[in-house]
Amino acid sequence: MEAVKRDIMLGEKPEGLEGAGFFATRLEKVVGMARKNSIWPLPFATSCCGIEFMATMGAHYDLARFGSERLSFSPRQADLLMVMGTIAKKMGPVLRQVYEQMAEPRWVLSVGACASSGGIFDTYSVLQGIDRIIPVDVYVPGCPPRPEQIIDGVMKIQRLVETESLRRRDSPEYKKMLNTYGIE
Amino acid sequence: MEVVDQERIIGVIKQKYEGEILRTEMLYDFLTITLKKEKIIDIIRHLYDHPDTSFKFLTTLCGIHYPEVNQIAVMYQLHNLVKNERLRLKIYLPAENPTVDTLTGLFPAANWMERETYDFFGVTFEGHPNLIRILNVEEMIMFPMRKEFPLEDQIRQDKNDTMFGRN
């Protein structure tokens with residue numbers, strides 16, 4: 001029995017009051033912990049960063065270790081929008097619609113130089129960074145970034161998810177931020 | 001391409017459209033004939049029908065902007081699949097109002113190519129069934145491959161020299 005226990009890494013439990021047969025903590029912390037370890041990502045992969053993402057999901061890097069085993073190809077069930085690759089201006093409205101279809105709480109990870117800033121495609125047809133149309137939580141630099149960097153970005157998202165206040169999405173600041181992107 | 005074959009192709013055009021040829025040249029072993037713009041569709045149809053040429057395949061069609069002469073060229077590349085011969089035809093249009101007849105009546109494949117040429121160079125193909133932008137966003141107000149339009153997106157702020165430690 002002892003050997004089996006040593007092989008399993010348990011997540012740290014949040015701070016709280018513990019006694020015989022009970023454990024009391026803040027709801028926010030429990031919800032944050034649950035959300036953090038069950039993020040369903042929606043991969044929006046358009047080019048080479050998408051290939052790196054495939055490696056990230058593969059057995060070697062295995063994003064499933066972080067609770068993201070289940071990719072959501074419908075935005076309705078997704079928690080995290082991962083934009084990987086060049087977004088042409090013509091695709092901008094599509095990306096925006098995908099974001100709008102996602103239910104709150106939702107996070108956005110911008111992977112690679114193209115999604116973050118347009119990258120080398122400084123041209124009339126390419127969107128110069130997805131943050132011109134949707135809010136972005138974490139940017140991953142690189143052209144393309146290695147799977148380690150993508151995992152680092154996902155872990156940064158996890159950190160945001162874990163520590164986010166339950167009331168944040170109802171706050172006027174958040175609504176104001178969305179309004180700057182023209183999203184109701 | 002052999003000289004005999006070149007002369008055969010040029011001869012077929014000369015049979016009916018002697019005065020339409022402006023220049024013939026061999027560019028990288030590729031016969032290129034510059035024509036007047038008025039009868040271009042008739043000439044392509046003639047090359048299609050004539051048994052000595054039978055160019056029955058349209059490889060490509062595109063625009064080229066020549067700002068130094070203020071003209072936009074339209075290039076047609078034809079292929080004779082029986083003899084495996086290729087031919088390039090070029091016409092020059094004024095850059096202010098480039099207009100030419102559509103080739104879709106002969107080659108349905110010209111439909112999207114002409115839309116692309118319209119999209120990037122603003123060439124109007126008269127008689128085209130659906131001449132709207134094909135690749136760029138519909139709201140675009142310029143013809144981006146014309147050289148007066150800057151290639152780079154003008155909203156980028158991260159490309160000034162201070163970002164690279166220069167001043």
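Here is a short conversation about a predicted model with chains A and B.

Visitor: Hello! How many helices and strands does chain B have?
Guide: Welcome! Along the sequence, the pattern of chain B reads α-β-β-α-β-β-β-β-α-β. The C-alpha trace of chain B spans about 65 × 35 × 30 Å along its principal axes. As for the count, chain B has three helices and seven strands.

Visitor: In what order do the five strands of the open sheet in chain B stand?
Guide: Let us start from the edges. Strand S1 (21–26) and strand S3 (57–66) of chain B each have a single partner strand, so one side of each is left without a neighbour in the sheet. The pairing is mixed, and the order in chain B is S1-S2-S5-S4-S3.

Visitor: Do S2(B) and S5(B) run parallel or antiparallel?
Guide: In general, strands of a sheet pair through backbone hydrogen bonds, in either a parallel or an antiparallel way. In this pair, Ile33(B) stands opposite Leu89(B) of S5(B). Four bridges join S2(B) to S5(B), and the two strands run parallel.

Visitor: And how many bridges join S4 to S5 in chain B?
Guide: You can follow this pair through its residues: Tyr76(B) has Leu89(B) in S5(B) as its bridge partner, and His79(B) stands opposite Arg86(B). Strand S4 (residues 71–80) and strand S5 (residues 85–94) of chain B run antiparallel, and the number of bridges joining them is ten.

Visitor: Which residue takes a positive phi in the hairpin of S4(B) and S5(B)?
Guide: This hairpin has four residues between the strands. The phi in question is near 55°, and the residue that takes it is Asn84(B).

Visitor: Which strand of chain B does helix H3 run at about 10° to?
Guide: Two helices can be placed on the strands here. Helix H1 (residues 3–17) of chain B lies across S1, strand S2 (31–35) and S5, running at about 20° to S2(B). Helix H3 (residues 110–121) of chain B lies across S3 and S4, and the strand at about 10° to this helix is S3(B).

Visitor: Why are the buried residues of H2(B) on the same side?
Guide: In helix H2 (residues 40–49) of chain B, the residues Ile40(B), Ile43(B), Ile44(B) and Leu47(B) are buried. They are on the same side of H2(B) because they cover an arc around the axis of only 100°.

Visitor: What do those buried residues of H2(B) pack against?
Guide: For background, buried residues make up 23% of the 167 residues in chain B. Those of H2(B) pack against one helix and several strands of chain B, namely H1, S2, S4, S5 and strand S6 (99–101).

Visitor: How many charged residues are on the side of chain B that touches chain A?
Guide: Ten residues of chain B are in contact with ten residues of chain A. By class, that side of chain B has four nonpolar residues and one polar residue, while the number of charged residues is five.

Visitor: Let us turn to chain A. Which strands stand at the edges of its open sheet of four strands?
Guide: The order of this sheet is S3-S4-S5-S6 in chain A, with parallel pairing. A strand at the edge has a single partner strand, so one side is left without a neighbour in the sheet; in chain A these are strand S3 (41–45) and strand S6 (138–140).

Visitor: Which residue of S4(A) stands opposite Pro41(A)?
Guide: S3(A) and strand S4 (residues 80–84) of chain A run parallel and are joined by five bridges. Opposite Pro41(A), in S4(A), stands Leu80(A).

How values were computed: Residues are numbered from 1 along each chain as its sequence is written. Chains are lettered from A and ligands numbered from 1 in the order in which they are written. This is a predicted model: local features need pLDDT of at least 70, side-chain atom pairs count only at pLDDT 80 or more; totals for chains, interfaces and linings use all residues. Two strands pair if DSSP finds at least two bridges between them. Two residues are in contact if their C-beta atoms, placed from the backbone, lie within 7 Å. Axes are lines fitted to C-alpha atoms, for helices over the stretch in contact, and angles run from 0 to 180 degrees between N-to-C directions. Ala, Val, Leu, Ile, Met, Phe, Trp, Tyr, Cys and Pro count as nonpolar, Asp, Glu, Lys and Arg as charged, and the others, Gly among them, as polar. A residue is buried if 20 or more other C-beta atoms lie within 10 Å of its own, exposed if 12 or fewer, and partly exposed in between; C-beta atoms are placed from the backbone. The arc is that of the directions from the helix axis to the C-beta atoms.
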